[in-house]
Amino acid sequence: MEKAIIGLIGVVVGALLTTMKDFFFYRKSRKEEQIFLCIRITSFLDKFASICIEVVFDDGLTYGQRNEDGTLTPTVTTPVFDPFIADVNWKCIPANLLYKIMQIPSEVENANGYIDSVWMHSCFPPDNDELFEARAVKYAELGIEAISLSKALRTLAGLPAKQYNEWNGSDRLKGELKKIEETQRIRSEKSIETHKNMLASIATKT
């Protein structure tokens, strides 16, 4: 009887050790896959963010010159973000990060749709201020999001933080957003004031 019990205990302990070993190797493999994913996707996000910055600060000039007709037109092509081309195990990162990363292509599509609408209906040459503002606002927001996600992935994998030589991309984009918001606020106030003056002038004549 004792031998049977000892044998049973041996089987249980052996099974437990095997399970623990499998779990250890599973955790190790999953962590390695997570680190690989973070390295791959942060490179995608960093490249995307850098082009977003170029779009935001695109002044419409080619080698410092306007077009032949004197207008300003975009010179930087908007970026594409396609995380699906990366051969990685997406299941090894938290769902909230995965969701935000997978949302970027849709956000890019929505941003481009808004920009196209401004270009078609609310833009006035030769400077096309509204077009450049729309591009700057939408791609500043996308760039800030990409930089934030890249930082979160680096933290998750224990990777070194991104080093900036002269300026922080996120701070630069946030600063540009504030400038645009102030410009739009001033323009809106002037438009309201002009409208009030017109109404007052009409009322005086009648």
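Helices here are DSSP runs of H or I at least four residues long, numbered from the N terminus. With that settled, here is a walk through the model, which is a predicted one.

**Stop 1: the loop between α2 and α3**

Start by selecting Asn-128, which is found in the loop between α2 and α3. Check its backbone: phi is positive, about 50°, although Asn-128 is not a glycine. For context, most residues other than glycine have a negative phi, and most peptide bonds are trans. Is Asn-128 buried or exposed? Its relative accessibility is 3%, so Asn-128 counts as buried.

Stay in this loop and pick Pro-126, which lies between α2 and α3 as well. Look at the peptide bond that runs from Pro-125 to Pro-126: it is cis, with omega near 10°.

Now click on Asp-127 and show the side chain of Arg-66 too. These two form a salt bridge, and their closest N and O atoms are 2.8 Å apart. The pair ties together distant parts of the chain, with Arg-66 in the loop between α1 and α2, Asp-127 in the loop between α2 and α3, and their positions 61 residues apart. Arg-66 has 38% relative accessibility and so counts as partly exposed; Asp-127, with a relative accessible area of 28%, is partly exposed.

**Stop 2: the loop between α1 and α2**

Arg-66 has brought you to this loop, so pick Tyr-63, which is found there. Tyr-63 has a positive phi, near 50°, in a residue other than glycine. Tyr-63 is exposed, with a relative accessible area of 82%.

Next, select Asp-58 together with Arg-135. They make a salt bridge whose closest N and O atoms are 3.3 Å apart. Here again the link is between distant parts of the chain: Asp-58 sits in the loop between α1 and α2, while Arg-135 is in helix α3, 77 residues apart. How accessible is Asp-58? At 7% relative accessibility, Asp-58 counts as buried. Arg-135 is buried too, with a relative accessible area of 6%.

**Stop 3: α2 against α3**

From Arg-135, widen the selection to residues 95-121 (helix α2) and residues 129-157 (helix α3). Two packed helices are described by the angle between their axes and the distance between the axes. For this pair, the angle is about 175° and the axes are 9 Å apart. Angles over 145 degrees count as roughly antiparallel, and α2 and α3 are therefore roughly antiparallel to each other.

Show side chains along the contact. On the α2 side, the residues that meet α3 include Leu-97, Ile-101, Ile-104, Val-108, Ile-115 and Trp-119. On the α3 side, among them are Leu-131, Ala-134, Arg-135, Tyr-139, Leu-142, Leu-149 and Leu-156. By class, the contact has 17 nonpolar, 1 polar and 6 charged residues.

**Stop 4: along α3 to its end**

Put a distance between the end C-alpha atoms of α3 and you should get 42 Å; at 1.5 Å a residue, the 29 residues of α3 should span 42 Å, so the two agree. Just after α3, select Gly-158, which takes a positive phi of about 70°.

Step back into helix α3 and pick Ser-150. What does Ser-150 touch, leaving out residues up to four places away in sequence? Its contacts are Thr-42, Leu-45 and Asp-46. With 1% relative accessibility, Ser-150 counts as buried.

**Stop 5: over to α1**

Select Lys-47, which lies in helix α1, residues 2-56. Lys-47 is exposed, with a relative accessible area of 58%. Draw a line from its C-alpha atom to that of Gly-143: the two atoms are separated by 9.9 Å, although these residues are 96 apart along the chain.

**Stop 6: the salt bridges of α4**

Finish in helix α4, residues 169-205, by picking Arg-185 and Glu-189, which are 4 residues apart, about one turn of the helix. An α-helix has 3.6 residues a turn, so residues three or four places apart point the same way. Glu-189 and Arg-185 form a salt bridge, with the closest N and O atoms 2.6 Å apart. Glu-189 counts as partly exposed at 44% relative accessibility, and Arg-185 is partly exposed, with a relative accessible area of 39%. Add Glu-182 to the selection: salt bridges that share partners join Glu-182, Arg-185 and Glu-189 into one network. In the whole model, the count comes to 7 salt bridges.

Terms used. Residues are numbered from 1 along each chain as its sequence is written. This is a predicted model: local features need pLDDT of at least 70, side-chain atom pairs count only at pLDDT 80 or more; totals for chains, interfaces and linings use all residues. Side-chain values use heavy atoms; hydrogens and water are left out. Axes are lines fitted to C-alpha atoms, for helices over the stretch in contact, and angles run from 0 to 180 degrees between N-to-C directions. Helices (H or I, at least four residues) and strands (E, at least two) are DSSP runs, numbered from the N terminus. Angles under 35 degrees count as roughly parallel, over 145 as roughly antiparallel, 65 to 115 as roughly perpendicular and the rest as oblique. Contact means heavy atoms within 4.5 Å. Ala, Val, Leu, Ile, Met, Phe, Trp, Tyr, Cys and Pro count as nonpolar, Asp, Glu, Lys and Arg as charged, and the others, Gly among them, as polar. Buried means under 20% relative accessible area, exposed over 50%, partly exposed in between (1.4 Å probe, protein chains only). The expected span of a helix is 1.5 Å times one less than its number of residues. A salt bridge is a side-chain nitrogen of Lys or Arg within 4 Å of a carboxyl oxygen of Asp or Glu.
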